[in-house]
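Welcome! Here are a few exercises to help you find your way around a protein model, each with a worked solution.

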Amino acid sequence: MRISARAQRIEPFYVMEMAKSANAIAREAAGSDRPMIYLNIGEPDFTAPPLVREAAERAIRDGRTQYTQATGLMPLRERISDWYAQRFGLQVPARRIVVTAGASAALQLACLALIDAGDEILMPDPSYPCNRQFVSAAEGRAVLLPATAAERFQLSAEKVADAWGARTRGVMLASPSNPTGTSIHPDELRRIHDVVTERGGITLVDEIYLGLSYEDTYSHSALGLSDDIISINSFSKYFNMTGWRLGWLVVPDALVDVVEQIAQHLFICASTVSQYAALACFEPDSLAEYERRRAEFKARRDWFVPALRELGLDVPVTPDGAFYAWADCSRACDKLFASRSEYNSGMQTAGSWEFAFELMKRAHLAVTPGRDFGHADTARYIRFSTANAMPQLEAAVARLREVLA
Ligand SMILES: Cc1ncc(COP(=O)(O)O)c(C=O)c1O
């Protein structure tokens with residue numbers, strides 16, 4: 001069968017390949033005293049709080065399961081708008097909020113609405129792997145700009161200005177970022193937005209982890225900067241609803257109808273049951289629970305990141321949000337693989353990939369090697385997810401200590 005050139009352009013998603021291997025090893029380890037610990041998965045270990053689950057049950061019982069408008073239930077868009085006001089002090093009108101099947105659908109809608117064949121989108125290396133594919137599916141080209149620890153693994157205005165070319169259409173950022181958990185400083189974001197606006201481009205900021213922000217400096221939505229910024233968000237992370245497939249995007253007024261029309265054709269609407277359930281996310285009891293969980297995520301970060309550093313797995317920038325630790329494993333690789341001839345003959349670029357497999361086999365610890373997230377320096381890095389209970393994190397550190405002893 002002839003496969004489209006578009007499909008052939010899609011790169012492998014190594015995280016998923018790694019997860020498959022982890023599952024195979026986990027089956028063998030299941031009966032042992034060392035079942036697999038999964039620090040590779042980027043989703044909260046919490047499920048939706050009780051009021052949300054009850055609201056879903058009620059919607060099903062009452063038969064409220066028909067399609068909604070492509071832009072989502074108006075009461076849900078209004079509650080999201082209220083949340084922006086209460087949490088971020090921002091006036092974001094409900095009409096500019098489009099409810100989608102997760103941030104994934106929101107990102108696709110934004111790309112399809114704005115990218116023409118051959119357009120280039122600048123994004124940091126490392127960044128969320130799917131973004132490159134969303135751009136490519138819209139016939140555009142993702143241009144990865146290496147971002148250093150000194151830049152918090154984010155783009156700078158200077159870099160954006162230098163890289164801007166005849167085909168550049170805009171920038172795609174995530175703050176806080178996956179895989180690094182680091183945010184763009186608000187002043188830098190303002191400067192980037194100025195550079196982009198002067199060139200008639202678009203600034204898209206994925207704020208899916210913004211609810212899980214731990215430092216006041218970074219706890220601001222990019223929407224406060226300008227009405228022409230596109231912000232992506234989701235019920236997956238802060239609201240602990242990954243499998244419910246619900247998210248949203250905020251677009252400038254001029255884009256609402258365009259995005260609505262594409263959404264009508266591509267998705268009809270996001271899951272109706274999930275939308276009714278999500279209304280209950282904004283009840284005071286649910287919001288209190290989410291804040292308690294945010295404090296728990298912060299406590300995990302505060303314990304886990306120093307523990308990694310003590311083991312020689314340097315985390316060059318302390319994550320200010322999300323639930324990831326982006327750790328340089330080159331010293332650990334030197335220690336583990338020094339005796340291997342292929343390592344010493346220049347093969348060490350495969351470092352974090354090999355290291356991840358070694359951890360999986362020897363310690364029954366699943367982590368994500370940097371490979372998916374870019375090309376520049378990612379072979380040195382491992383992404384740990386701290387979306388796991390403290391006893392699991394403690395056990396993981398104990399196992400790492402043994403392997404690296
Ligand atoms: C930065 C980023 N954007 C988007 C997504 C997709 O999220 P959703 O579950 O809302 O589709 C993820 C998922 O891990 C992510 O890390």
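**Exercise 1: The whole chain**

This is a predicted model, and 45% of the 405 residues of its chain count as buried. Work out which helices and strands build the chain, and how its radius of gyration fits the globule rule.

*Solution.*
- Step 1: Begin with the elements: there are 15 helices and twelve strands in the chain.
- Step 2: Turn to the radius of gyration, which is 21 Å; the globule rule gives 22 Å for 405 residues, so the chain is as compact as a globular protein of that length.
- Step 3: Look at the contacts between residues at least 6 apart in sequence: 73% of them join residues at least 24 apart.

**Exercise 2: The two sides of a helix**

Find helix α8 (residues 186–198) and decide which of its residues are buried and which are exposed.

*Solution.*
- Step 1: Follow α8 from its first C-alpha to its last: its 13 residues reach 18 Å, close to the 18 Å expected.
- Step 2: Pick out the buried residues of α8, which are Leu189, Ile192, His193, Val195 and Val196. They lie on the same side of α8, because they cover an arc of only 160 degrees around the axis.
- Step 3: Recall that an α-helix has 3.6 residues a turn, so residues three or four places apart point the same way.
- Step 4: Go to the other side of α8, where Asp187 and Glu198 are exposed.

**Exercise 3: Neighbours of α8**

Name the elements that the buried residues of α8 pack against, then see what follows the helix.

*Solution.*
- Step 1: The packing partners are α7 (157–163), β5 (168–174) and β6 (202–206).
- Step 2: Just after α8 comes Gly200, with a positive phi of about 70 degrees.

Note on methods:
Residues are numbered from 1 along each chain as its sequence is written. This is a predicted model: local features need pLDDT of at least 70, side-chain atom pairs count only at pLDDT 80 or more; totals for chains, interfaces and linings use all residues. Helices (H or I, at least four residues) and strands (E, at least two) are DSSP runs, numbered from the N terminus. The radius of gyration is taken over C-alpha atoms; the globule rule is 2.2 Å times the number of residues to the power 0.38. A residue is buried if 20 or more other C-beta atoms lie within 10 Å of its own, exposed if 12 or fewer, and partly exposed in between; C-beta atoms are placed from the backbone. Two residues are in contact if their C-beta atoms, placed from the backbone, lie within 7 Å. The expected span of a helix is 1.5 Å times one less than its number of residues. The arc is that of the directions from the helix axis to the C-beta atoms.
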